[in-house]
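User: I should like to learn how to read the features of a two-chain model. Could you guide me through them?

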Amino acid sequence: MTPDVTHIPRRPPETVMRLKRLGSLHQCRLSFMRVLTRRMSREHWRFSRPVFDIDAQGVGHAVYTATGPARSYSLVAFAHDLPPEKRSDRVIADAWDATFALFDGIPGPEDIERLSRNVPLQEAGRVDETELSLSRANRSVRLWAHVVDALASGRQPDPGQIDAVGYLMRTTAVYGSGKFGAADRETIADRPELHVPFQAEMLSVYLTRTFVRDLVQHMARAAGGNSAADLDPAIARRLGIGNSTGLGMAPFIVNHPVLFNNWIVAREEAISRVRGLTKASAEEARAFRGILSRSGRSIDRWTSEHPIQMRKLADLRRDLAAINDYVARDDMQSGRSWDRLCNWSMAALSEEGQELIASLILEPYPDLVDGLADCMADSNADAFRIDGRMPVGTVRALIAESFGWALKRDWEATENCARAWYVSEEKLEPRLGARFEEPIAEYEQPLAPARDAAAAHAGLADWQDDQPVAAFLLRHPEHRHTIRRAQMSRIAPYGEIRDNTIGKNVLPIDMLRAKLSFFGATHFDPRSDRWVRICMYAGAPYPEELTEANADLWVYPDEAK
Amino acid sequence: MNVSLNEVEATAKRATRGAGYQWGLAEEAAKAVRWLCANDIDGCGALAGLIERFDGVDLAERVPLPDDTGWYGKGSVLCPLIAGAALSDCALDLADRDIRMGPVAAPCLLFPFAAHAARQLRNTVTVSWPAGAAVTDGDRISLTGPIGTRVDFITVCRGGLLGAPNRQMSRAMPEQGVWETLNRFAHRTYAPATAESRLLGAGAGLTDTD
């Protein structure tokens, strides 16, 4: 009898943790948005809109409450009348079309009053322990005007224009975890519904999308009166929430090596489990083919004007054609079909196509995959502490394991350290500058682990293998940061990016995409090498539509429509 | 001020770095201040006092130099962050011997490092000084006697009975002036904005306002 499962090891960090591959990741079953919508439908969450107090100019506030088995959470939304010249997605903006806080519970009038004095100010205001996130959004001016005008004159908006933009508003920052006075992650991480990373933020964005749909309808009625049309629910469903993400997200994955490791490991473990299946049932093969086809429709709608992403999209479309050919020729059931497919993809496709395959093969296997989401949080606070007894020889080996490739590199050479990450005093905006052209080196943030690892390794050269590293650190506190990371790599082998993060050609958008793909974002559209627009929740059921049948695969456009 | 513990940690890290410490020590200072605040001890005030006192001082003078009797500095007083990190690094040594050091500035900043040692040893750890003592099991701490902004010597040893522990806090309440001091030091880590960096550093490219 043939065993049903063979052991396929996880792909090694030196394969996975390259920037080019991280910059090609796609959403999957473990994405945080999908984890949230699955839970809300499974637990029969209830949704209500107790307040919608917005005038004909679109100014006012609204409250959306989501209630799970144990607790309620409320999005408090403020709508503003923003002069066009104030509209900017940059962190340095100071006014927005709409601003939001996710309140822990159901807010009373005094909470709303307090929030109304602070939330519209965003970074310049303060929120409190009762708030779980703080965010803001700007309209897509062209799509907003088109949808309001169409509905006000009794027509449905043009689906072509809807698909070309994808959203009516885009968030330009969603702050959580203690920022600007909000509740710390640690105070909510033990709640089952918030244990998986970024669930509060994902809930905030999910409710924001509902608010935006309601607001555009409200504005159309205000303009068109009784002759205004109701937005077709099928068109509303195609609308996501956009998000504009700048450099701030890139340092996050470097600054949280254990957390980022846990995300990567969960996905790699899922991939390895599915590849290890000796055979697939007819139903599983059919499910995969269906998702592949629907994924193709999503990719059809993905556009970008950025040359880098245009090239990647061309690669992906070529890859998709090759995948379709392969799948048409193969029964996808026998002879370790998923492992064969992955092995073929590694030789035949670009990273875009390889990572698409790696994500899509997980779809037929909720039982093998979905539970891994519970391992994606970082609750190992002790990993931070340095073990000073560790012999120098062991530390050396750990550094070489993650950064062997970096040790021989000339880190003085201009092309290898051309960039420096810094924080601008202007609204504390994270930036990436030219080290040799701007006076920024003295402000450099510790975001070059490879260069620093090479320096620590060189610093250890004169020390004996059996000496405790504590003695070295007492003499060389400048290497504590690196020694800590090296020791963390024992429990977080996927915590380090295996590429130069300060080289002349580094593309921060690769780091942004890696993080955003775990949120479940689609349609990555870089606006430069340092910031990217994405779409969230496009295709998702709205709260009143959410069922267990539609809570998961909404990310793939429906074949029939 | 009523601030989140993440704000404490982020601000303390930047402030310590702004005061001239290496990033690795700044990270540890930040965790230490957060731990103190979570245990209802004014970690922000201790850090602000320390970095003001040591501003412009060569930190090499504040590094403990271990000899047979304890840890002493070349300068007049040890830095509790550097000594604390060293204590944390050799936490398991406390199983075999006590560690004595002094004099130490802002000595309450040593408590979080002693707490780490307690977790490592799976035992309580006692920090004692002439006017009092603190006992920690790693998560909580009990205090007897005032500690002040400097002590002449401190002994750290394994064991001790945890008394009535300090309250556990989910927020910190630093004094306004203390918070301003931390932010003043933190500000030293921020690059002045220039027109060029505003445009290029954040990667302005295609329009952001359509």
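Analyst: The following turns take up one chain, then the contact between chains, and then the strand pairing. This is a predicted model, in which local features need pLDDT of at least 70 and side-chain atom pairs count only at pLDDT 80 or more, while totals for chains, interfaces and linings use all residues. Residues are numbered from 1 along each chain as its sequence is written, with chains lettered from A and ligands numbered from 1 in the order in which they are written.

User: How many helices and strands does chain B have?

Analyst: Helices (H or I, at least four residues) and strands (E, at least two) are DSSP runs, numbered from the N terminus. Chain B has seven helices and 12 strands, and its C-alpha atoms fill a box of roughly 65 × 35 × 30 Å along the principal axes.

User: What percentage of the residues in chain B is buried?

Analyst: A residue is buried if 20 or more other C-beta atoms, placed from the backbone, lie within 10 Å of its own. Of the 210 residues in chain B, 54% are buried.

User: How many residues does each chain bring to the contact?

Analyst: Two residues are in contact if their C-beta atoms, placed from the backbone, lie within 7 Å. Chain A supplies 53 residues and chain B 41 residues. On the chain B side, the elements that each supply at least two residues include helix 1 (5-18), helix 2 (23-38) and strand 12 (190-191). By class, that side has 17 nonpolar (Ala, Val, Leu, Ile, Met, Phe, Trp, Tyr, Cys and Pro), 10 charged (Asp, Glu, Lys and Arg) and 14 polar residues (the others, Gly among them).

User: Which strand of chain A pairs with strand 12 of chain B?

Analyst: Two strands pair if DSSP finds at least two bridges between them. Strand 8 (residues 419-424) of chain A pairs with strand 12 of chain B in the parallel sense over two bridges, and V423(A) stands opposite Y190(B). Strand 8 of chain A also pairs with strand 9 of chain A, in the antiparallel sense over five bridges; there, A420(A) has G433(A) as its bridge partner.

User: What order do the three strands take in the open sheet?

Analyst: The order is 9(A)-8(A)-12(B), with mixed pairing. Strand 9 (430-434) of chain A and strand 12 of chain B stand at the edges with a single partner strand each, so one side of each is left without a neighbour in the sheet.

User: Where is the positive phi in the hairpin of strands 1 and 2 of chain A?

Analyst: G58(A), in the turn, has a positive phi of about 85°, and five residues lie between the two strands. Strand 1 (residues 46-54) and strand 2 (residues 60-67) of chain A pair in the antiparallel sense over seven bridges, with S48(A) opposite T65(A).

Conventions. A residue is buried if 20 or more other C-beta atoms lie within 10 Å of its own, exposed if 12 or fewer, and partly exposed in between; C-beta atoms are placed from the backbone.
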